[in-house]
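Biologist: I am new to this structure and would enjoy a close look at one part of it. Please choose a helix and show me what lies around it, then lead me on from there.

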Amino acid sequence: MSNVVVVGMQWGDEGKGKVVDLLCPKFEAVARYQGGNNAGHTVKFGDQHFSLHLIPSGILHADMQCYLGNGMVVNPDAFFEETSNLEARGVEVEGRLWVSDRAQVLLPMHPEIDLAREAAAGNAKIGTTSRGIGPAYEHKVSRFGIRVADLDSEALMGRFEMLVPRVRAELEGLGVDPDALATPINATALTDYCREVAVRLAPYKTDVSLALNDLIGVGGSVLFEGAQGALLDIDHGSYPYVTSSNSSSGGAAIGTGVPPTAMDGVLGVLKAYGTRVGEGPFPAELDGTVLEYLRDRGREFGTTTGRPRRCGWLDTVVARYARRINGIRAIALTKLDVLDDLEEIKVCVGYNIDGERVDELPADLAKLGRVQPIYETFPGWQENTIGRLRFDDLPVNAQQYVRFIEEEVGAEISLVSTGPKREETIMMDDSLLESWTGGLVG
Ligand code: IMP
């Protein structure tokens, strides 16, 4: 059996939740490796809807072990809210949900810092989810962070005595009175908070790297669940309009302590069109009636923040870039059915920047801002494809669209999603994904 990393190939919200849910029965464990409760998906399980932000959707599969890796920033309040919601609805979590002792703790002051920075930034704001993700990672990298293993450390008070004056000074500099916030920002209150969390988190705390490597050592297989998307990666995304972690496949090794040599394949999740939430460049962005159509038909509103998503045509410059930096050989193409009613469909296949054709994603944000997309136009199929189960049953125009994307991006399309339900999925015959999962998925 194989260890597979699932990553988004655009700006997040590609439909990874459904794909992961579909693959879960083929794996013993699922592990998240970066981000925190900025992510989110609603999973339909039986007749119930579950909204998850931190905990992998694998938790809804009774036999699965679920891990939050060291690369994550874990908000304990959000974690306990999710565990109690799950338990209240009959999902057992203890004994199969694990948090790395090396994961960073996202403290109640982090969202306050995030909000204050965004408010002060005006037009230069990032458009974050305001969950405190950036400040939590910043404290990690500046070595002021608190890990799960540190929650009951004797050194905690001393650590906060160094950190708190910096945080208070920053807030004051941003025009926020730290004492007027609902969250007390002082060393004693933070230490007390951590001590309490240490006790509650104890049953979930483990050495995730050891657990996963042991499992792999006895032939178990692990699904690594990326959150956000490749273009939001702190190193490879459209910096600074990115999240603060490595959402691309390389992050799976660093963020769990499972070496890259143990990963067998990377499945890229690509939406049949583009979306983005928050600020930042989006070359094939649409406005007008097609934007409204895609937003409405694709239900493109943020699961975490409820914000309407920006929508655009599929951009294969972006998808090829994502294929390269992630090592993607197989793709799950999602939400094809959302395009059903369109008369014509465009795909951005290259960029015109200052009169020159460019086929690779530029790092320079100013250049990205000047991109004139080069489009190929396809006739729509204007037929209902929801729930089609075989590729050959798709309208010819839809088949041509899928084959064109495969060709342009340079990776096999192993799966096509034709609706939100698990069964509304086309598994391509003899696909790479099938070979990784040891048989038919679904
Ligand atoms: P942060 O991760 O909250 O710091 O937000 C940074 C950027 O990443 C913003 O543009 C967010 O909208 C975006 N972002 C963060 N998480 C997600 C996600 O799960 N889906 C889509 N966009 C996200």
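Modeller: Gladly, and one term will help us from the start: a contact means heavy atoms within 4.5 Å. Helices (H or I, at least four residues) and strands (E, at least two) are DSSP runs, numbered from the N terminus. What you see is a predicted model, in which local features need pLDDT of at least 70 and side-chain atom pairs count only at pLDDT 80 or more, while totals for chains, interfaces and linings use all residues. Residues are numbered from 1 along each chain as its sequence is written, and side-chain values use heavy atoms, with hydrogens and water left out.

Let us take helix α2, residues 76–88. With 13 residues at 1.5 Å each, α2 should span 18 Å, and its end C-alpha atoms are indeed 18 Å apart, so the two values agree. The expected span here is 1.5 Å times one less than the number of residues. At the N-terminal end, asparagine 75 acts as a cap for α2, with a side-chain oxygen 2.9 Å from the backbone nitrogen of aspartate 77. This is a polar contact, that is, a pair of N or O atoms within 3.5 Å; within protein, one must be able to donate a hydrogen and the other to accept it, and residues adjacent in sequence count only if both atoms are side-chain atoms. After α2 comes glycine 90, whose phi is positive, near 85°.

Which residues of α2 are buried? They are Pro76, Ala78, Phe79, Phe80, Glu82, Thr83 and Leu86. Buried means under 20% relative accessible area, exposed over 50%, and partly exposed in between, using a 1.4 Å probe and protein chains only. These buried residues of α2 pack against the strands β4 (48–52), β5 (65–68), β6 (73–74), β7 (97–100) and β8 (104–105), and against helix α6 (187–201).

Strand β6 leads us on to another helix, α4, since β6 is packed against by the buried residues of α4 too, along with α3 (109–121) and α5 (156–173). Helix α4 covers residues 133–141, and its buried residues are Ile133, Gly134, Pro135, Ala136, Tyr137 and His139. Arginine 143, which follows α4, has a positive phi near 65°.

Strands β5 and β7 take us to the sheet. Ten strands form an open, mixed sheet in the order β9-β7-β5-β2-β10-β1-β11-β15-β19-β20. At its edges stand β9 (205–206) and β20 (425–427), each with a single partner strand, so one side of each has no neighbour in the sheet. Two strands count as paired if DSSP finds at least two bridges between them.

Look now at β10, residues 222–225. Strand β2 (residues 29–32) runs parallel to β10 and is joined to it by four bridges. Strand β1 (residues 4–8) also pairs with β10 in the parallel sense, over three bridges. Leucine 223 in β10 stands opposite valine 30 and also opposite valine 4. Glutamate 225 in β10 is the bridge partner of arginine 32. Both faces of β10 are covered, with Val222 and Phe224 buried on one side and Leu223 and Glu225 buried on the other.

The loop between β10 and α8 (250–254) holds proline 240. The peptide bond from tyrosine 239 to proline 240 is cis, with omega near 5°. Glutamine 228 lies in the loop between β10 and α8; its phi is near 55°, a positive value in a residue other than glycine. Glutamine 228 is buried, with a relative accessible area of 10%.

Valine 208, in helix α7 (residues 208–217), brings us back towards the neighbours of α2. Valine 208 is buried, with a relative accessible area of 1%. Leaving aside residues up to four places away in sequence, valine 208 touches Tyr67, Leu68, Gly69, Val99, Ser100 and Thr256. Valine 208 and valine 258 are 50 residues apart in sequence, and their C-alpha atoms are 9.0 Å apart in space.

Finally, there is the ligand. It is surrounded by 15 residues, the closest being Asp13, Asn38, Thr129, Thr243 and Arg307; a residue is near a molecule if one of its heavy atoms lies within 4 Å of it. A nitrogen atom of the ligand is 3.2 Å from an N or O atom in the side chain of aspartate 13. An oxygen atom of the ligand is 2.6 Å from a polar side-chain atom of threonine 129. Taken alone, the ligand exposes 470 Å², and the protein buries 96% of that, with accessible areas from the Shrake-Rupley method and a 1.4 Å probe.
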